[in-house]
Amino acid sequence: MNPRTLAAPLRSIRSLPLRPPMTPAGRIAPLPATRFARQYSDKKEESFHAEEDKRITELENAKKESEKRAKELEEEMKQLKKEIQYARADYQTATRRAEEERKKASEFAITGFARALLGTVDVLQKALKSVPQPIPSDNQALKQLFQGIELTEKALIQTFERHNMKRLDNLKGEMFDPNLHEAEFMIPQVAAPPREDGKPHEPGQIMEVNSEGWMIGNRVLRPAKVGVVQPE
């Protein structure tokens, strides 16, 4: 037999691992190095999981705290929104009241002067009513005087209207209102003349206007002086 042919199998046999040691019971005893490595690996894994659990707990707590803070901020925003709305309403109310007070002060300041000028308007209106109509064509002086008085009366009325003054007109046939009218006389219904439409006046209706009434803003500057059908 050739020695070279036996050398190869022998070399392969020598390269095989040695049989592990056996215990008296016939079991394979674990190698000390392998048992130590496994214990080290288990401890490392337990430590890793503990760190992960701790980190997850911290994140959950942070999330809960963040959600709580978000709710608190939302409530604060709602409260601030309400306060802004209240402040805006208060500002609008204060602005409106200030404007009303300004108007009242302005009206009060000119009340006495305007009331005095109403006497002038009354005189001009009486002068216009005293001129016979139609004016004769040959009387140009009277015609020009009438036109001058008429223009003056219209100018005064326009001035009153620019200062928030208005007349209480078209009162005939209206019901008497003691807040706006002053009754100078009363007559029974049977003695009252008919209305312009031919129907009889009702009790409490205004049948005659002797002097126009005037308002300044929402206040009575001068009540209208009227004749009233006597109420029943």
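**A guided tour from the core to the sheet**

Begin by selecting Leu118, Phe160, Met165, Trp214 and Leu221: of the 16 residues in the largest nonpolar core, these touch the most other members. Next, colour α2 (32-130), α3 (140-162) and β4 (213-216), the elements that each give two or more residues to this core. Where does the core lie with respect to domain 2 (110-163) and domain 3 (164-231)? Both domains give residues to the core, so it lies between them. As general background, nonpolar side chains tend to be buried together in soluble globular proteins. The model on display is a predicted one.

Now centre the view on Phe160. Leaving aside residues up to four places away in sequence, Phe160 touches Ala114, Leu117, Leu118, Val121, Met165 and Trp214. Apart from the core just visited lies another, of 7 residues; select Leu168, Met215, Val226 and Val228, which are among them.

Zoom out to view the whole protein chain. The chain has 3 helices and 6 strands, and along the sequence these follow the pattern α-α-α-β-β-β-β-β-β. Of its 232 residues, 18% count as buried. The chain exposes about 18600 Å², of which carbon and sulfur atoms supply 56%. Among contacts between residues at least 6 apart in sequence, 65% join residues at least 24 apart.

Turn next to the strands and select β2, β6 and β3. These 3 strands form an open sheet in the order β2-β6-β3, with mixed pairing. The edge positions belong to β2 and β3 (206-211), each of which pairs on one side only. Direction ignored, neighbouring strands of this sheet are turned by 30° against each other on average.

Keep β2 and β6 (residues 224-229) in view: the two pair in the parallel sense over 6 bridges. Which residue of β6 stands opposite Glu182? Selecting Lys225 in β6 shows the partner of Glu182. In general, strands of a sheet pair through backbone hydrogen bonds, either parallel or antiparallel.

The last stop is Pro178, in the loop between β1 (165-168) and β2 (181-187). Is Pro178 buried or exposed? Its relative accessibility is 61%, so Pro178 counts as exposed, the cut-off for that class being over 50%. Finally, add Pro223 to the selection and draw a distance between the two C-alpha atoms. Pro178 and Pro223 are 45 residues apart along the chain, and their C-alpha atoms are separated by 8.7 Å.

Definitions and conventions
Residues are numbered from 1 along each chain as its sequence is written. This is a predicted model: local features need pLDDT of at least 70, side-chain atom pairs count only at pLDDT 80 or more; totals for chains, interfaces and linings use all residues. Side-chain values use heavy atoms; hydrogens and water are left out. Helices (H or I, at least four residues) and strands (E, at least two) are DSSP runs, numbered from the N terminus. Buried means under 20% relative accessible area, exposed over 50%, partly exposed in between (1.4 Å probe, protein chains only). Contact means heavy atoms within 4.5 Å. Accessible areas come from the Shrake-Rupley method with a 1.4 Å probe; for residues, only the protein chains shown count as cover. A nonpolar core is a set of buried Ala, Val, Leu, Ile, Met, Phe, Trp, Tyr and Cys residues joined through side-chain atoms within 4.5 Å. Domain bounds come from an automatic or database domain assignment. Two strands pair if DSSP finds at least two bridges between them. Axes are lines fitted to C-alpha atoms, for helices over the stretch in contact, and angles run from 0 to 180 degrees between N-to-C directions.
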